[in-house]
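Colleague: I am new to reading structures, and I would like a close look at a single part. Could you take one helix and walk me through what surrounds it?

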Amino acid sequence: QGKYEAAEEMNRRALEGYEKALGKDHPNTLTSVYCLAHLLHTTRCYTEAGELYQRAYDGRVRSLGPQHPRTI
């Protein structure tokens, strides 16, 4: 619907909540990181999106392992 600013705000709040409740490397937190990265990529914020994609990947490698389907 094109409401990217509102979506970004909601995604950031959700991520903050996951980080506080579950920790930075919990799989659900990392999914939230990935979702925010995807949204930022969609809105052409490529630098921040890339950093978040990398954070999600690195966290999944640490918490799930490099061969886990959610990591790959």
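Modeller: What follows is a walk along helix α3, and then out to the parts around it.

A caution comes first: this is a predicted model. Keep that in mind throughout.

**The helix itself**

Helix α3 runs over residues 46–64. It has 19 residues. From its first C-alpha to its last it reaches 26 Å, close to the 27 Å expected at 1.5 Å a residue. Just after α3 comes Gly65, with a positive phi of about 100°.

**The buried side**

Which residues of α3 are buried? They are Ala49, Leu52, Ala56, Gly59 and Arg60. Look down the axis of α3: these buried residues fall within an arc of 100°, so they line one face of the helix. The spacing has a general background. An α-helix has 3.6 residues a turn, so residues three or four places apart point the same way.

What do the buried residues of α3 pack against? The partner is α2. Now turn the helix around. The face of α3 turned away from its buried side carries the exposed residues Thr47, Glu51 and Arg62.

**The core**

Some of those buried residues belong to the largest nonpolar core. That core has 8 residues in all: Leu15, Val33, Leu36, Ala37, Leu40, Ala49, Leu52 and Ala56. Both α2 (27–42) and α3 (46–64) supply at least two residues of this core. The largest share, 4 residues, comes from α2.

Val33 is a good residue to zoom in on. Leave aside residues up to four places away in sequence, and Val33 touches Leu15, Leu52, Arg55 and Ala56. Leu15, Leu52 and Ala56 are core members too.

**The link to α1**

Next, follow the charges. Glu48 lies in helix α3 and forms a salt bridge with Arg12. The closest N and O atoms of that pair are 2.8 Å apart. Arg12 lies in helix α1, so the pair ties together parts that are 36 residues apart in sequence. Glu48 is partly exposed, at 30% relative accessibility. Arg12 is partly exposed as well, with a relative accessible area of 31%.

Arg12 has a second partner. Glu8 forms a salt bridge with Arg12, and here the closest N and O atoms are 2.9 Å apart. Glu8 and Arg12 are 4 residues apart in helix α1, which means about one helical turn separates them. Glu8 counts as partly exposed, at 25% relative accessibility. Put the pieces together: Glu8, Arg12 and Glu48 are linked in a network of salt bridges.

How many salt bridges does a search of the whole structure find? The count is 5. One of them joins Glu16 and Lys20, with the closest N and O atoms 3.3 Å apart. Both residues lie in helix α1, 4 residues apart, about one turn of the helix. Glu16 is partly exposed, with a relative accessible area of 44%. Lys20 is exposed, at 68%.

Helix α1 gets the length check too. It covers residues 4–22, which makes 19 residues. At 1.5 Å a residue these should span 27 Å, and the end C-alpha atoms are 26 Å apart, which agrees. Just after α1, Gly23 takes a positive phi of about 100°.

**The loop before α3**

Finally, step back to the loop between α2 and α3. Arg44 lies there. Its phi is near 65°, a positive value in a residue other than glycine. Arg44 is exposed, with a relative accessible area of 65%.

What about the cysteines? The structure holds 0 disulfides. Cys35 is in no disulfide. Why does Cys45 not bond to Cys35? The two sulfurs are 16 Å apart, too far for a bond. A disulfide is a covalent bond between the sulfur atoms of two cysteines. Cys35 is partly exposed, with a relative accessible area of 38%. Cys45 counts as partly exposed too, at 33%.

So here is α3 in brief, because its sides are worth keeping apart. Its buried residues line one face of the helix and pack against α2. Its Glu48 forms a salt bridge with Arg12, in helix α1. Its opposite face carries the exposed residues Thr47, Glu51 and Arg62.

Technical notes
Residues are numbered from 1 along each chain as its sequence is written. This is a predicted model: local features need pLDDT of at least 70, side-chain atom pairs count only at pLDDT 80 or more; totals for chains, interfaces and linings use all residues. Side-chain values use heavy atoms; hydrogens and water are left out. A nonpolar core is a set of buried Ala, Val, Leu, Ile, Met, Phe, Trp, Tyr and Cys residues joined through side-chain atoms within 4.5 Å. Buried means under 20% relative accessible area, exposed over 50%, partly exposed in between (1.4 Å probe, protein chains only). Contact means heavy atoms within 4.5 Å. A disulfide is a pair of cysteine sulfur atoms within 2.5 Å. The expected span of a helix is 1.5 Å times one less than its number of residues. A salt bridge is a side-chain nitrogen of Lys or Arg within 4 Å of a carboxyl oxygen of Asp or Glu. The arc is that of the directions from the helix axis to the C-beta atoms.
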